[in-house]
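Please look over the structure below before reading on. The report moves from the whole protein to a few selected places.

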Amino acid sequence: MSKREKMVGLSAFILIILLVVLIAPANAGVSPEVGRAIGDANSSAFIGETNLRFVDGTGASIPSGKLKSTWEGSNINIPFGTPFDSSSKAVKDNLIEGDYDVIVDNRKTTRVTFYSPANQLKVETKVNGEDFSWVTRGGNITFNATTKLNMIKGMQPNNITYKLLDTQGVQMYAVHGKTLTNISVDSTGGTSIIINTTGLDIGTYTLSIETDPDTNNGLDAEGPSVSFDVRSRGITIDAKPPKEIVTKDIVFSIETTPHTHVMLNVTWGLPSKVFFKNEQGKEVGSTILGVADKNGKLERKAYFEAIGSYEITAIEFIANTTDSIFVEIAPYTVELKTDKSTYSIGEEVVITGSATAGDKLVLKIDDEVVKWDDDDITSSKYSWKTEGETLGSHEIAMWVVGTPESLFSDPFYDLPDASVTIILLRGGLNAEVDKEFVAQGDDFTIKGTVPGRDRVDVMTIGPKGGSGHGLDPNDIVNETNGALNAPGLTYLTSGISTDGTFETDKIKVDRGADTGMYQIAVLNYGKDGVWGTKTGTNNLLKAITHNYSISLVTKTQEEILAYLMDNTVGQPGSDDLLCVVTLKVENGFIRLDAIENVLLGTELKVTGISNREVETQIVVTVEGPTNLKPQVIEVKADTKTFYNTFETSFGTATAKIGEYLVTAKDNDGHEVTTTLNIILTDEPVINFSTPALPTVEEPANQSDNESVNVTLAEALKRPVFKVAFIVAGLLVVGGAAWVILSRKEEPSGLARPRRGGLASAKRKKPQWPPQKRKKRL
């Protein structure tokens, strides 16, 4: 090979080496032995770097000075020398994140920014590309680091360690052979690693970032931690509501990992009766597929065409885990009612109805359709004009029509879904009870009008008809001298005033009377003085039992009312009058309102409600550390509430602080208690104040006569020096190559002259150029 060719090859090799050095990665790190300069093009550093040197905008070294904070309200002044160790206690105690001017001789030379590692070493966990805090065991989870370590530029990588603590708090350095240590960040300061969780313990893990001091200029810091869970089950399902009416939608809510494919199906019950709906609301049958959103959530609706229990199971297709939930499907209900149960012919009957499922309501009166295709199933209303209608009982019935037809009733072939019976009576007799309810042991009266008549007969019919325990269970036996026994009935008469009004004496309710709704029939036998046109008697009990030959003890309320009508107002040509009213009998009760804490010396007010009659006496006591004087009060009517009320008050000036028992008791043994506290004062207000932060003082002065120490690495950061070094390197290497090639081309017959004679001739020939030991970085 010629000299020229060898020279060209060697030059090319040298150029390649230099290019490799010049285009070293921008995110390369720095060892604390080498350190780095800040203040020129790179003006940022981490608090905690151990070897920093300040330079001005031209790259000239600033051997000493001070750092002065720049933000409003701050007064931080930190002297520095070279090198500057921002991890030392004297510095770290005062240096906080922010911008600082570099001051030399009271003159700003440049500005630098220090960052707190806690704010710049962030880690997050991702599942299927989304920020997420749990993963199904067997699935993948990504650790994603975001840092600013790329600002520490040098000849080495910037390494971090993912500090992963297991469920017992023990650090894991690798998962399935994948190391979590000495991981280099990229040119943006970020990096990520995907971990498979197969075989990991179930529970909570903690993750943070730790910096490698050897590649981050001595920075030894840990960022904030996050936690994530490894779960054995990767899906949960919920149903709202868990119990629903047939054909109504139930919403199934699924929670799993983001963008996970999910399937819902029926694992208990008849799948053919279950219809899921897709995202557009279209029916798709008893199985449905879907994909969770970025938050791992998915919702699907389903309706059911048969009553019973169903189990719905959800499965996710990452680890194939499942979760199930039972839902209960109830039959639909229908409500039908009228504003009262008896009407005078000519009155308007207001009928209301509703259903919990179906498409339409059908209304019939006495088996004749009066309303069809009413699609307002939640609130149907119909007014029946009774002018010209016949006297007696009338049935009002309702059917629900819907799909599937097999689930609902047929108005022409099936029994009604709901029905009520009302009574149409001849006008002329009006009656009412003086209260809507009465407690056992109390009494009530009945009053009304019946012009031109001389008396009214009153029969009360208990909830159980002729049996049970009525208002006075012995009344009918006594009234008939033992000929008729019906403990659920009572019978009485009342005279009529000249103005046509009447009011009965107080009717006592036995303390053992059955609770529930009582039917009360008020009748008048007309001007002929007998009941109906066939009985020939003015004795009501004989008339309706055919002279006591029919037992009423086994008859229901409806049957006894039918006997009354058939033997009085219902007979052709009868001028008898009938009116039916109702009354609810309840167990007596007293209830106290809640009482808040009472301040000592203030009024203690006790209030409550009761269904006991007005003027019933109630004794209220307050007992505790001191027994207050008992109070005797009376129940009062209150138009603002459904029930009656009572109230009283106690003075607490002589009481002691502590817990007290308040008791209210009536004369029939109904009793209720509650507690309260009498306290000295209100709870104290605790005022927490935050002390002002102290002013940061400068540490002891360092020597201002630090020697200037510009290393090769620092010089290479300056463009002028960098070019000079490159040219000098090329000249040196090129010259050396020329000498080597020249020596090898000398003629073999010519010998190089030697010095020192024989002694010099025996000396070992030195190598050229001298071989230097390479220093390992």
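The accessible surface of the protein comes to about 42,200 Å². Carbon and sulfur atoms hold 51% of that surface. Accessible areas come from the Shrake-Rupley method with a 1.4 Å probe, and for residues only the protein chains shown count as cover.

This is a predicted model: local features need pLDDT of at least 70, side-chain atom pairs count only at pLDDT 80 or more, and totals for chains, interfaces and linings use all residues. Residues are numbered from 1 along each chain as its sequence is written, and side-chain values use heavy atoms, with hydrogens and water left out.

## The whole protein

The protein has 777 residues, and 42% of them are buried. Buried means under 20% relative accessible area, exposed means over 50%, and partly exposed lies in between (1.4 Å probe, protein chains only). The secondary structure comes to nine helices and 56 strands. Helices (H or I, at least four residues) and strands (E, at least two) are DSSP runs, numbered from the N terminus.

Contact means heavy atoms within 4.5 Å. Among contacts with a separation of 6 or more, 66% join residues 24 or more positions apart.

## Three residues compared

| Residue | Place | Relative accessible area |
|---|---|---|
| G35 | loop between α1 (3–22) and β1 (36–38) | 5% |
| Q571 | loop between α6 (557–566) and β48 (577–586) | 8% |
| W372 | strand β35 (residues 368–374) | 42% |

G35 is classed as buried because its relative accessible area is 5%. Leaving aside neighbours within four places in sequence, G35 is in contact with V30, N51, R53 and N217. N216 is 181 residues from G35 along the chain, yet their C-alpha atoms are separated by 9.1 Å.

Q571 also counts as buried, because its value is 8%. Which residues does Q571 contact, leaving aside its neighbours within four places in sequence? They are W531, G532, T533, K534, T535, M565 and D566.

W372 is partly exposed, because its value is 42%. W372 belongs to a nonpolar surface patch with V369, F412 and Y413. Together these residues have about 500 Å² of accessible area. Patches are made of residues with over 30% relative accessible area and no salt bridge; like charges are joined within 9 Å, and nonpolar side chains (Val, Leu, Ile, Met, Phe, Trp, Tyr) within 5 Å. A salt bridge is a side-chain nitrogen of Lys or Arg within 4 Å of a carboxyl oxygen of Asp or Glu.

## Strand β9 and its partners

In a regular strand the side chains alternate between the two faces of the sheet. Strand β9 (residues 122–127) has a covered face of V123, T125 and V127. Its uncovered face holds K122, E124 and K126.

Two strands pair if DSSP finds at least two bridges between them. β9 pairs with strand β12 (residues 140–146) in the antiparallel sense over five bridges. Here E124 stands opposite N144 in β12. β9 also pairs with strand β10 (residues 130–131), antiparallel over two bridges. V127 stands opposite E130 in β10. β9 and β10 form a hairpin with two residues between them. N128 in the turn has a positive phi of about 55°.

## A sheet of three strands

One open sheet has the order β49-β51-β54, with antiparallel pairing. Its edge strands are β49 (590–592) and β54 (644–651), and each pairs on one side only. Three bridges join β49 to strand β51 (residues 603–610). I590 stands opposite S610 in β51.
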